[in-house]
Structure formats: C-alpha cells, structure tokens
Amino acid sequence: MRAARLIKLVLLLQSRSSMTGTELARQLEVSERTVARDVLALSEAGVPVYADRGRTGGYRLVGGYRTRLTGLGRTEAEALFLSGVPSALREMGLADAASAARLKVSAALLPELRDASASAAQRFHLDAPGWWREGDPPALLPAVADAVWDDRPITARYRRRETEAERVLEPYGLVLKGGIWYLAARAGEQFRVYRVDRFTAVAAGADRFERDGTFDLPAFWEERAAEFARAILRDRVGLRLTPEGAKRLPHVTDRVAAQEALAAAGPPDGAGRVTVTLPVESLEVAYDQLLALGPEAEVLEPPGLRVRFAEAAARSAGLYGADSYR
C-alpha cells in the first residue's frame, strides 16, 4: 500500500512543477505528516525531492528527474477508455484505476501538454444517469463488472416479476442506458440482455470463457434496443395533428415511431392538419403522453380513448372557463 502511494507521489510531482503538502495530502488521501514522512523516504531512496519552505513553498522534483514507472496496467488502460463517464467508473468500482491511469498518462506527457486532460474535463462532461432517478447503483454491479473484465462465467440468480431463476451466463459487456445498467451475456448459444438491478446473487467461476471474436457490443445493443422498442408498441392510436402538434409529437412519445407515423401521413387538410396512425406501448401510456400536446392533437380512435380525451378537455374547460376567476 505504501509503495503504491510513494509511486503516486512521484508521479504527481512529475506531472506538476510543484505541489504543497496540503495538495499532496488531499490527492493521496493521507495527512500532511504522512506526506512529509513519504518525502523523506523517497529522498533516502535517492529520489531528488526538494522542499521549499514558507507559505508559498511546496515539494518539487529537482533537476528534471523523471521516473519510468508510467506503464499502464491492463485494468488502468481499460478504465482509461471509460474516464469520460465518471459516474459509471464509480459504480463499477474502477475510479481508482482510472485515476492512476490518468496520472500516469499525465506524467508521461510533455510539460506543455499536462493540463490537457483537466482542460477537456472542464469543457465536456457526460452525465449518463437520467433525471429524477435514484443515484444508487445496483449492489451487485461491481461483481458483474469484475466478471466482464476478466471473462469469467457467472452463476446468477435473476428476478423476473414474482419468480427467481438461476442461470449460468458468459458476461460479455455492460451498457448504461438512462441510468439503468444492463448486462449483455451469452446463455447457452444465445446472447441476451439482463437488467443488473434484478440480479439477487452472483458468483464468478474460476476459469475464463473464450469470447466470440465476432461479438460487437455497440452493434448488438443497437439491434436489441430497436427490437425492444418495436416489441412494446402493441397498440395503435389515430390522431389529427396541427403543424405544431406534428412538430412536438416526437418529443412526447417514441421518437422513431412518431417519425415513421408522420412520414406515412397523407397530405394536410385545409387547416394544415395531418392524420396519422401512431404505434404506442398501451392506451394508458398514450393517454399520459398525448395529453402533453393539448389542443394541438385530436384523438380520433379508438373510441374509448377519444372519450377519455373529451372528458379531460371538458374538465379543463371547467377549470379555465369564463367564470373561473370570479
């Protein structure tokens, strides 16, 4: 543990011209007294660490000293490719590995390039989870992530509705979609998708499995996501939309379904309205979504849904009628 800390201290000083004891203590998550002891140990080992005294003082390496301990380990290198998604790294337990990798890369760069990562981080940030979602990751996500990194099969218990089943899976990849983690895994001869928060137990095997070299995680996910979107759109709703309603429709319901429905619509009527047939997940979901369009959309069918919208319109008229402010 101390050896790793000493290496990190040297890399920190190598990547910057000077650092105070307070800055080093914060980066290393130790006390300033421990930093002083570590600097003394490095000096005794022949590493030329110099301490500038006074309020503006700090620690620095003398004479352009450079260490060659900048090689990335496998875990650090893999984590580096995820460093643009800090929340995902934290949830998978890879934050420390990514931090070490960034530090090693920074130490290996020319002095004029060492602020590049910080500069980019202050200009671009990916916030993966969706709004209004709890931030707690699935409890078993680190165990699943470890199995994914190491290509180890897992024996997992998976909750589906009111039942649980045990499955032996070859975990190929993790996907973070809208704040929810999914596992792409091979079960037998087929690749399937599992929600990580539905795993109730995970045990990794001792041996590694041989990955299918033709498997492409982004392409697999894109295909499955499209299949899922089509599968859940089981009902149909007939709508008459104003130009504004047509413009807003992709923003209140499934975007692809809305765009396809608008593309298949006939020519607009004399008032500029178009009639579309929209695939929806259910009539209940359609009711909630299409209410957002207000008077820009008229439900034509099915009759039961049209009645619900007529009742909603009547209640709204009662709230905002001419006498509502008296």
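**Salt bridges, a buried leucine and a three-stranded sheet**

Let me start with a pair in helix 9. Glutamate 227 and arginine 224 form a salt bridge, and their closest N and O atoms are 3.7 Å apart. Keep in mind that this is a predicted model. Both residues sit in helix 9, three residues apart, which is about one turn of the helix. Now the accessibility. Glutamate 227 is partly exposed, at a relative accessible area of 34%. Arginine 224 is also partly exposed, with 28% relative accessibility.

How many salt bridges are there by this rule? The count is 11. In general, side chains of opposite charge can pair when their charged atoms come close. I will take two further pairs, then a network.

Next pair. Glutamate 298 makes a salt bridge with arginine 240, and here the closest N and O atoms are 2.7 Å apart. This one links distant parts of the chain. Glutamate 298 is in strand 10, residues 297-301, and arginine 240 is in strand 8, residues 235-241. The two are 58 residues apart. Glutamate 298 is partly exposed, with a relative accessible area of 27%. For arginine 240 the value is 24%, and that residue is partly exposed too. Then there is the network. Arg157, Glu164 and Glu166 are joined into one by salt bridges that share partners.

Third pair. The side chains of arginine 211 and aspartate 151 meet in a salt bridge, at 3.3 Å from N to O. Where are the two residues? Arginine 211 is in the loop between strand 7 (199-204) and helix 9 (217-232). Aspartate 151 is in the loop between helix 8 (141-150) and strand 3 (154-160). So the pair ties together parts that are 60 residues apart in sequence.

Is aspartate 151 buried or exposed? Aspartate 151 is buried, with a relative accessible area of 18%. The cut-off for buried is under 20%, so 18% falls inside it. Arginine 211, in contrast, is partly exposed, at 35%. The 3.3 Å approach of these two side chains is listed as a polar contact as well. And what else does aspartate 151 touch? Setting aside residues up to four places away in sequence, aspartate 151 touches Asp207, Arg208, Phe209 and Arg211.

On to leucine 183. This residue lies in strand 5, residues 180-187. Its relative accessibility is 0%, so leucine 183 counts as buried. Which residues is leucine 183 in contact with, once its neighbours within four places in sequence are left aside? From the earlier part of the chain, the list includes Val144, Val148 and Ile154. Leu169, Pro171, Gly173 and Leu174 are on the list as well. Then come Arg192, Val193, Tyr194, Val196 and Phe199. One distance to go with that. Leucine 183 and alanine 145 are 38 residues apart in sequence, and their C-alpha atoms are 9.1 Å apart in space.

Now the sheet that holds strands 8 and 10. What is the strand order in this open sheet of three strands? The order is 9-8-10, and the pairing is antiparallel. Strand 9 (274-280) and strand 10 are the edge strands, and each pairs on one side only. On average, neighbouring strands of this sheet are turned by 35 degrees against each other, direction ignored. Strand 8 and strand 9 run antiparallel and are joined by seven bridges. Leucine 239 stands opposite valine 276 in strand 9.

Two helices go with these strands. Helix 11, residues 255-263, lies across strand 8 and strand 9, and runs at about 150 degrees to strand 9. Helix 13, residues 303-319, lies across strand 8 and strand 10. Helix 13 runs at about 145 degrees to strand 10.

Last stop, helix 2, residues 21-28. Which residues of helix 2 are buried? Gly21, Leu24, Ala25 and Leu28 are buried. Why are they on the same side of helix 2? Because they cover an arc of only 100 degrees around the axis. After helix 2 comes glutamate 29. Its phi is positive, near 60 degrees.

Notes:
Residues are numbered from 1 along each chain as its sequence is written. This is a predicted model: local features need pLDDT of at least 70, side-chain atom pairs count only at pLDDT 80 or more; totals for chains, interfaces and linings use all residues. Side-chain values use heavy atoms; hydrogens and water are left out. Buried means under 20% relative accessible area, exposed over 50%, partly exposed in between (1.4 Å probe, protein chains only). Helices (H or I, at least four residues) and strands (E, at least two) are DSSP runs, numbered from the N terminus. The arc is that of the directions from the helix axis to the C-beta atoms. Contact means heavy atoms within 4.5 Å. A salt bridge is a side-chain nitrogen of Lys or Arg within 4 Å of a carboxyl oxygen of Asp or Glu. A polar contact is a pair of N or O atoms within 3.5 Å; within protein, one must be able to donate a hydrogen and the other to accept it, and residues adjacent in sequence count only if both atoms are side-chain atoms. Two strands pair if DSSP finds at least two bridges between them. Axes are lines fitted to C-alpha atoms, for helices over the stretch in contact, and angles run from 0 to 180 degrees between N-to-C directions.
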